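Me: Could you walk me through a helix and a strand residue in this model? I'd like the reasoning along with each answer.

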Amino acid sequence: MNEQDEYWMRQAMLLAAKAEAEDEVPVGALVVLNGQCIGQGWNKSIGSHDATAHAEIMALRQAGQTIGNYRLLDCTLYVTLEPCMMCAGAMVHSRIKRLVYGAADAKTGSVDSVLRLLATPGLNHLVNWQSGVLAEECATQLSAFFKRRRAEKKAARKQAAT
């Protein structure tokens, strides 16, 4: 892990905190080109009622608008959680050069955990990736959110029972 990757992952974690403030799963992402952030996003699926409103998709959309091209050649995508298959596919289509992610996702991770989509032979574009950057901190951010949600649901059930 280099200092630049750690810096940008910390920025992605700040975006994840924005998602959590909106009661969304705290995942943040940003796209960097030549040392500049050109797109950022955080999960908005719940509030927008949009299954495609993942942090990565939001960041890729904004980056494409910023440079006026959906092909994000020479860009790096930083995201706090291992991407799902939809987001991995979007990275291939957008021609992201490099992916850096924090925590692994044992349920839907499609880079290393459940599937290895970016390593699929025959794809028209290969994305390089680095996993585990600030993994423990990213995982803690997610697990704290879910722990809080479970406690809130338990308290609501208890309140309803009385």
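Here are a few questions and answers on this predicted model.

Me: Happy to start with the helix. How many residues has H1, and what length does it reach from its first C-alpha to its last?
Reply: Helix H1 runs over residues 3-21, which is 19 residues. At 1.5 Å a residue, 27 Å is expected. The span in the model is close to that, at 27 Å.

Me: Why are the buried residues of H1 on the same side?
Reply: The buried residues include Asp 5, Trp 8, Met 9, Ala 12 and Ala 16. An α-helix has 3.6 residues a turn, so residues three or four places apart point the same way. On the other side of H1, Glu 3, Leu 14 and Ala 21 are exposed. The buried residues are on the same side because they cover an arc of only 165° around the axis.

Me: Nice! Which residue caps the N-terminal end of H1?
Reply: Look at the backbone nitrogen of Gln 4. A side-chain oxygen lies 3.0 Å from that nitrogen, and the residue that carries this oxygen is Asn 2.

Me: Now the strand residue: is Val 31 buried or exposed?
Reply: Val 31 lies in strand S1. Among the residues in contact with Val 31, leaving aside its neighbours within four places in sequence, are Ile 38, Ala 59, Leu 60, Leu 77 and Ile 96. Its relative accessible area is 0%, and buried means under 20%, so Val 31 is buried.

Methods
Residues are numbered from 1 along each chain as its sequence is written. This is a predicted model: local features need pLDDT of at least 70, side-chain atom pairs count only at pLDDT 80 or more; totals for chains, interfaces and linings use all residues. Side-chain values use heavy atoms; hydrogens and water are left out. Helices (H or I, at least four residues) and strands (E, at least two) are DSSP runs, numbered from the N terminus. The expected span of a helix is 1.5 Å times one less than its number of residues. Buried means under 20% relative accessible area, exposed over 50%, partly exposed in between (1.4 Å probe, protein chains only). The arc is that of the directions from the helix axis to the C-beta atoms. A polar contact is a pair of N or O atoms within 3.5 Å; within protein, one must be able to donate a hydrogen and the other to accept it, and residues adjacent in sequence count only if both atoms are side-chain atoms. Contact means heavy atoms within 4.5 Å.
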